[in-house]
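Biologist: I would like a close look at one part of this structure. Please pick one helix and show how it fits with its surroundings.

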Amino acid sequence: MFESKAGVLLIGGLGFFAFAFVSNAVVPILMYRDLPEQTAEETVNANLMYEFEDLSRRFPEAFEKHYGQPTKENAAKALRLGRDLYIGEGCWHCHSQFVRPVSNESLRWGPVAKTEEYQNELQRPVMFGTRRVGPDLSREGGRRSNDWQAVHLFRPETVSTGSPMPEYAWFFDGDPSKPSERGLAVLTYIQWLGSWLESYPYYEDYQPVETMEAAP
Amino acid sequence: MIAGSFEKEGGDGDLPRHEDLVDERLVRWHFLAALTFLAVSLLGGLLMALQLIHWNPLRGIELLSPGRWRMVHTNAIAYGFLANAFLGALYWAVPRLTLKPVQSPALSYFIYFAWQAVVLATAVGILLGQAQGVEWGETPVWIDPVALLGLLLVAVNFMTPIARAKGPLYVTLWYFMAAFVWTFLTYAMGNFVPQYVAAGTSGGAVAGLFIHDLVGLFVTPLGWGLMYYFVPVILRKPIWSHGLSLVGFWGLAFFYPLNGIHHFLYTPIPMFLQYGAVIATVAVEMVVTTVIINFFATIWGSGRQVVTNLPIRWFYTGMVLYFVTCLQCALQVTLTFQALIHFTDWVVGHAHLVMFGVFSLWLFGVMTYLFPRLLKREWYSQQLCEWHYWLSTAGIVLMFTDLTLAGIFQGYYWSSLQSWDVSVDGSQPFWIVRLFAGLGIIGGQLCFFYNIYRTYQLGPKPAAATASGEPIPATT
């Protein structure tokens, strides 16, 4: 059996592979089957909308041109494109998206990662990451302003001395104050990361733009 | 039929002739494609290394962005270099072991061109920013089905002679057979499940399986299969223990697929699955030890071959580094080590040691052995062969040591809550050393490329001097 073609193919090739797949992949899939998977629209929350509207005021021309109004649907559209760019540019190879319960990480970044944070369309495939040249980004949203993020993407060393991060000039029309469609998408995606948390920094008092303008 | 590889095909009327079994042109083509993609991968690695130390001369160019080239770097080495070099070696080894030709020459050439198209499309797709978010599987999603079809055709092409072979199967063929099944399943699992079936954490578990299985169930069984074939052939004596090779194969087959989740320890993946992966990983180390013992017992008594016979030296250097890799794996996979070294350059050092220090070295050994046979002439320069060996070996050992140390420093910088720039600044000396280690490796390959070119220019010797299957003194 252990030296026959059938044994090698059926037991070693198929059998053991199937055993590993069931025990290591099907088990967690079944365990989490009751956690609903959110769409990008469903993940858009008040904290993200604050930043999205901030983008529309800071970069009105570009925003108007590429996204029109700062609506939830447009935020979801920007998130999807932003996620694709985050993958396509390989951001996830130098930035992780999970805070571990060890190595003082919760002191540096915030709450330890939980399963439900990843049950959404934008974590398909999941962006855990395996290397940190730069810091973890899963609690980056709201930590820094859109201006800072734009300048940092355009030329990281301007705001982060000694940073080895590449420059992403192609997210802008020649100047960090002119983000392109892709630039706005990436900025939205970065501000989305961790926006679902209670401990999201600074913006607990958020109110939508319309009410602010309507106030006498 | 083990005997087949030891006999002079063509000299014995009952056995098929080597010329009828092996399409040498195809072996050559696959090797040349492999080396082309190796060069691409090395350039990608060089660009990334330069970026980290602020010396990137090409900054600000979208298509040359280091983040994209980093993915070309890994994909070119896995699917361009390793896959092509393995295919070349398989076209030599499988027909000679089974005494049957592959399914069809037409299919072989179709696979050749299809695979180059797949790898090229992958590189172009990644450079255009279309990567898929699965590590080691960044192949754009629209190429995945084509690549999978290619893997299926490869399996059909090589399973035919194996299925037709008479008598008990030699250990090499167990590894190859299992590898054809595993590679196909692994590729399908890793590229489709996290993308289309399971989101989030459980998708992460599958992505972990994929990262690991790509090395463990595609590269490793093909690599060891080649070692079980070429080492006895070149040493002209059988493997020391058949029993141990059984332990090695079945141990790998059972434990290796259970390891994947160890790439994502301390994530929200259920903890009992993480523990299971850790235990299975330590078990793999035990299995690996039996394989290493078997190979060192095989060379026992012919130890001088490591000095005099270059392919054997490549093989055994790779095996020593394999043992180091696996020993390191058994340690670093524990939660204690993970807390410190995960996310650091330690892991990058480990990955380079596996992919270059073990499997690339083995394939360089196979190429060093086969090129004179394929081109029907001796190497242009033994000196250049030696330079290739020493620069590659010294380069990877230096890179591994350097990145491992860097990882420990980075881990402590982070856990001691120093500002993030401290870990980046503190890494600079290590990254600079890594650049020079990489340049050493590149220099070694340049010697190899030049040597192949000059060897090709020499013109063939009379066939009698280099009958295939006969050891050629050029490599000894």
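Modeller: What follows takes one helix of chain B, then the core around it, then chain A. Please keep in mind that this is a predicted model.

Start with helix 4 of chain B, residues 66–98. The helix has 33 residues. From its first C-alpha to its last it reaches 45 Å, close to the 48 Å expected at 1.5 Å a residue. Yet helix 4 of chain B is kinked. The kink is about 40° and is centred on Ala76(B). After the helix comes Leu99(B), with a positive phi near 60°.

Now its surroundings. Helix 4 of chain B is mostly covered, with 33 of its 33 residues buried. For that count, a residue is buried if 20 or more other C-beta atoms lie within 10 Å of its own. In soluble globular proteins, nonpolar side chains tend to be buried together.

The largest nonpolar core has 207 residues. Within this core, Phe176(B) and Trp362(B) touch the most other members. Helix 4 of chain B gives the most to the core, namely 20 residues. The core also takes in chain A, drawing at least three residues from each of domain 1 (1–31) and domain 2 (40–214) of that chain.

Phe176(B) ties the helix to other parts of chain B. Leaving out residues up to four places away in sequence, Phe176(B) touches Leu90(B) and Val94(B). Both numbers fall in the 66–98 range of helix 4 of chain B. An α-helix has 3.6 residues a turn, so residues three or four places apart point the same way. Phe176(B) also touches Phe158(B), Ile162(B), Leu222(B) and Gly225(B).

Next, the partner. Chain A has ten helices and zero strands. Its C-alpha trace spans about 80 × 40 × 35 Å along the principal axes. Of the 216 residues in chain A, 48% are buried. Among contacts in chain A with a separation of 6 or more, 76% join residues 24 or more positions apart.

Where the chains meet, chain A supplies 61 residues and chain B supplies 70 residues. On the chain A side, helix 1 (5–31), helix 5 (72–88) and helix 6 (105–108) each supply at least two residues. Helix 1 of chain A has the largest share, 16 residues. By class, the side of chain A that touches chain B holds 32 nonpolar, 17 polar and twelve charged residues.

To sum up, helix 4 of chain B is kinked at Ala76(B), is buried in 33 of its 33 residues and gives the most to the largest nonpolar core.

Conventions
Residues numbered from 1 in each chain as written. Chains lettered and ligands numbered in written order. Contact = placed C-beta atoms within 7 Å. Helix = DSSP H or I, 4+ residues; strand = E, 2+ residues; numbered from the N terminus. Nonpolar A, V, L, I, M, F, W, Y, C, P; charged D, E, K, R; others polar. Expected span 1.5 Å × (residues − 1). Bend = angle between axes of the 7 residues up to and from the residue. Buried ≥ 20, exposed ≤ 12 C-beta atoms within 10 Å, placed from the backbone. Core = buried A, V, L, I, M, F, W, Y, C linked by C-beta atoms within 7 Å. Domains from an automatic or database assignment.
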